[in-house]
Amino acid sequence: MSLSISIVAPSSYTDPGIIDTAIAALETLGVHARVPATLQSPQRYLAGSVAHRLEGLYTAYADPGTQAVWAVRGGYGCAQLIEHIDWTRLSSAKPLIGYSDITVLLDQCHRQGLPAIHGPVMKEAALMQHESKEQRQVAERQIRELMELLEGEASASFPLKRHDAGDTPSRETTLEGPVVGGNLMTLACVAGTPLQFKAPPGALVILEDVGEPYYRLERALWQLVHSGAFDQAGAICLGTFEGCSPYGATSLEAIFAEVLRPLSLPLFSGLPVGHGMHNRPWRYGTQGRIANGHLELKG
């Protein structure tokens, strides 16, 4: 593969040493990360002021020598940018890549008809130099999958486990719809604002999170359910909830099934998507199909 990608910092600040390690790792795969000298101008925990981060986005999209725009990390900050973005300056030829806090920007790009990919942030390429052989292998595979998405229409199939609501087992059904979603807490935090997440009709909504106790995850899910975020959704699909603290013996799937019960939405889990070791990339808004225990993505 041979790709050049513009690196942006729309959210939190990143240690430059980690960025350098990620750049070196990407070069071994033939991927050139174009990082501007002014990528970051730290302000509190942010990568820069709103104006600085916006200018970084515009510069990246205007660069004729790159094929995508890749967020260096998530953290916090994307929501601050949305109301100020001049969408005419973001090219429809380049997908934005990221996850976690980048979720809100992926969703807004999709609403504007711009391509986006939910996948590893750029700094995670540094994991290709991790001391653990397994982590190195997983990181390289996921970066390669990401590059394959950029180079063509690679399809994917992810395993799923269905969870029945109540005492009556659900019949196996085939579900189809656009695949959207992302970080649960990020989506909950913009509920009640102009950025509020609304699943498109029939959407297969992926949710993931990291480091949150179960009661906070339940609170966030309740907020989304009662704000109407999933009123038109076709299913909820859970990715990883890395480092999320349980309460007693109640599973997270059981909690989600209870909160979602009023919507009668099918609930699935087991997706290799999120903050865990496995974070498989997928095109935001792509058409998905759930059948035979798998989520199949067209590209």
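These exercises work through the sheets, helices and largest pocket of a predicted model.

**Exercise 1. The six-stranded sheet**

Task: Find the strand order of the open sheet of six strands, and work out which strands stand at its edges and why one side of each is left without a neighbour.

Solution:
- Step 1. Read the order across the sheet: E2-E1-E3-E4-E5-E12. The pairing is mixed.
- Step 2. Go to the ends of that order. Strand E2 (31-34) and strand E12 (282-283) stand there, at the edges.
- Step 3. Count partners. E2 and E12 each have a single partner strand, so one side of each lacks a neighbour in the sheet.

**Exercise 2. Strand E3 and its partners**

Task: State how E3 pairs with E1 and with E4, then say where its side chains point.

Solution:
- Step 1. Take E1. It runs parallel to E3, and four bridges join the two. Within this pair, Ile 5 stands opposite Ala 68 of E3.
- Step 2. Take E4 (residues 96-98). E3 (residues 68-71) pairs with E4 in the parallel sense, over two bridges. Here Val 69 has Leu 96 in E4 as its bridge partner.
- Step 3. Recall the general rule: side chains of a regular strand alternate between the two faces of the sheet.
- Step 4. Apply it to E3. Ala 68 and Trp 70 point one way, while Val 69 and Ala 71 point the other way.
- Step 5. Check burial, with the cut-off at under 20% relative accessible area. All four of these E3 residues are buried.

**Exercise 3. Helices across the sheet**

Task: Identify the strands that H1 lies across and those that H5 lies across, and give an angle for each helix.

Solution:
- Step 1. H1 (residues 16-27) lies across E2 and E3. Its angle to E2 is about 150 degrees.
- Step 2. H5 (residues 133-151) lies across strand E1 (3-8), E2, E3, E4, strand E5 (116-118) and E12. H5 runs at about 105 degrees to E1.

**Exercise 4. The largest pocket**

Task: Describe the largest pocket by its space, its lining and the classes of its lining residues.

Solution:
- Step 1. The space in the largest pocket is about 250 Å³.
- Step 2. It is lined by 18 residues; Ile 7, Pro 36, Glu 55, Gly 56 and Thr 59 are the closest to its centre.
- Step 3. Two elements, E1 and helix H2 (50-62), give two or more residues to this lining. H2 gives the most, with seven.
- Step 4. Sort the lining by class: nine residues are nonpolar, five polar and four charged.
- Step 5. Look at Gly 56, which sits in helix H2. Buried or partly exposed? Its relative accessible area is 32%, so Gly 56 is partly exposed.

**Exercise 5. The eight-stranded sheet and helix H8**

Task: Lay out the open sheet of eight strands, then find what the buried residues of H8 pack against.

Solution:
- Step 1. The order is E6-E14-E13-E8-E9-E10-E11-E7, with mixed pairing.
- Step 2. Strand E6 (156-159) and strand E7 (161-163) are the edge strands, each pairing on one side only.
- Step 3. On average, neighbouring strands of this sheet are turned by 30 degrees against each other, direction ignored.
- Step 4. Inside the sheet, strand E8 (residues 175-183) pairs with E9 in the parallel sense over five bridges. Asn 183 stands opposite Glu 208 in E9.
- Step 5. Turn to helix H8 (residues 252-260). Leu 252, Ile 255, Phe 256, Ala 257, Val 259 and Leu 260 are buried.
- Step 6. The buried residues of H8 pack against helix H6 (184-189), strand E9 (204-210), helix H7 (214-226), strand E10 (235-242) and strand E11 (267-269).

Terms used:
Residues are numbered from 1 along each chain as its sequence is written. This is a predicted model: local features need pLDDT of at least 70, side-chain atom pairs count only at pLDDT 80 or more; totals for chains, interfaces and linings use all residues. Side-chain values use heavy atoms; hydrogens and water are left out. Two strands pair if DSSP finds at least two bridges between them. Contact means heavy atoms within 4.5 Å. Axes are lines fitted to C-alpha atoms, for helices over the stretch in contact, and angles run from 0 to 180 degrees between N-to-C directions. On a 1 Å grid over the protein atoms alone, a cavity is a set of points where a 1.4 Å probe fits but cannot get out, and a pocket is an open set with protein on both sides within 12 Å along at least five of seven lines; lining residues have an atom within 4 Å of a point. Grid points are joined across faces, edges and corners, and a volume is the space filled by probe spheres set on the points. Ala, Val, Leu, Ile, Met, Phe, Trp, Tyr, Cys and Pro count as nonpolar, Asp, Glu, Lys and Arg as charged, and the others, Gly among them, as polar. Buried means under 20% relative accessible area, exposed over 50%, partly exposed in between (1.4 Å probe, protein chains only).
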